[in-house]
Amino acid sequence: DNFFEGKELRLKQQFFFVCASLQDIVRRHLKIHERMDGFHEKNAIQLNDTHPAIAIPELMRVLLDERGWGWEDAWEIVTQTFAYTNHTVLPEALEEWSVSLMEYVLPRHMQIMYEINRRFLEEVEHRFPGDTGRLGRMSLIAEGREKKVRMPHLAIVGSHRINGVAELHSKILRESVFRDFCEMWPDKFMNVTNGVTQRRWLKQSNR
């Protein structure tokens, strides 16, 4: 129906821009360095909210399928390359996608996300044995009548830094919205104040 078609188009648009950007970054890197080893030392990718989070499985796909890397080495590169900025706790910044839609539009990426989730939940179980509630809350896949991919969870799991854009906002992320993740990886979470006053900017730029 039209609603499904609209979401499919939006997902395709997001993937198009992500894929094009990553292909360009990889091309530029290989033009200078020949190999993907140390990719994260030369490239940093900042996820502004969750709209570009599909870049995480896309870079995994490039390393696994196009470069022939093993999972552990590829995942190390990916997690050291990405960082995630959450700008707001409103629903539009905490994106979710229907699993059925993702499987239809991006089946290989959904396979990769399933494997990311499987390995991640094993780590959660190891850290918090027997806490099934936590497993459900932290899973990349939201169970229910319609299964959904939680893109904020993907962004957190696939990044080495997560930040809010104001002290209060970052506190809300740590203590409420992403509390389970912060308890697991407190060192990942930080604050980067977003914005500056006009007078301060003028003083700094033209004393």
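**Exercise 1. The chain as a whole**

Among contacts in the protein chain between residues at least 6 apart in sequence, what percentage join residues at least 24 apart? Determine also whether the radius of gyration agrees with that of a compact globule.

*Solution.* The structure is a predicted model, in which local features need pLDDT of at least 70, side-chain atom pairs count only at pLDDT 80 or more, and totals for chains, interfaces and linings use all residues. Residues are numbered from 1 along each chain as its sequence is written, and side-chain values use heavy atoms, with hydrogens and water left out.

Step 1. A contact means heavy atoms within 4.5 Å. Of the contacts between residues at least 6 apart in sequence, 72% join residues at least 24 apart.

Step 2. The radius of gyration is taken over C-alpha atoms, and the globule rule is 2.2 Å times the number of residues to the power 0.38. For 207 residues, a compact globule would have a value near 17 Å; the protein chain has 18 Å, which agrees.

**Exercise 2. The surroundings of helix α3**

State how far α3 is enclosed, and list its buried residues.

*Solution.* Step 1. Helices are DSSP runs of H or I with at least four residues, and strands are runs of E with at least two, numbered from the N terminus. The protein chain has eleven helices and seven strands; helix α3 covers residues 55-66.

Step 2. Buried means under 20% relative accessible area, exposed over 50%, and partly exposed in between (1.4 Å probe, protein chains only). Ten of the twelve residues of α3 are buried, so this helix is largely enclosed by the rest of the structure.

Step 3. The buried residues of α3 are A55, I56, P57, E58, L59, M60, R61, V62, L63 and L64.

**Exercise 3. Two charged residues of α3**

Which side chains make polar contacts with those of E58 and R61?

*Solution.* Step 1. A polar contact is a pair of N or O atoms within 3.5 Å; within protein, one must be able to donate a hydrogen and the other to accept it, and residues adjacent in sequence count only if both atoms are side-chain atoms.

Step 2. E58 is buried, with a relative accessible area of 0%. The E58 side chain makes a polar contact of 2.7 Å with the side chain of H109.

Step 3. R61 is buried, with a relative accessible area of 16%. The side chains of R61 and E66 are joined by a polar contact of 3.1 Å.

Step 4. Leaving out residues up to four places away in sequence, R61 touches Q23, E66, R108, H109 and I112. R61 and H109 are 48 residues apart in sequence, yet 7.2 Å apart in space, C-alpha to C-alpha.
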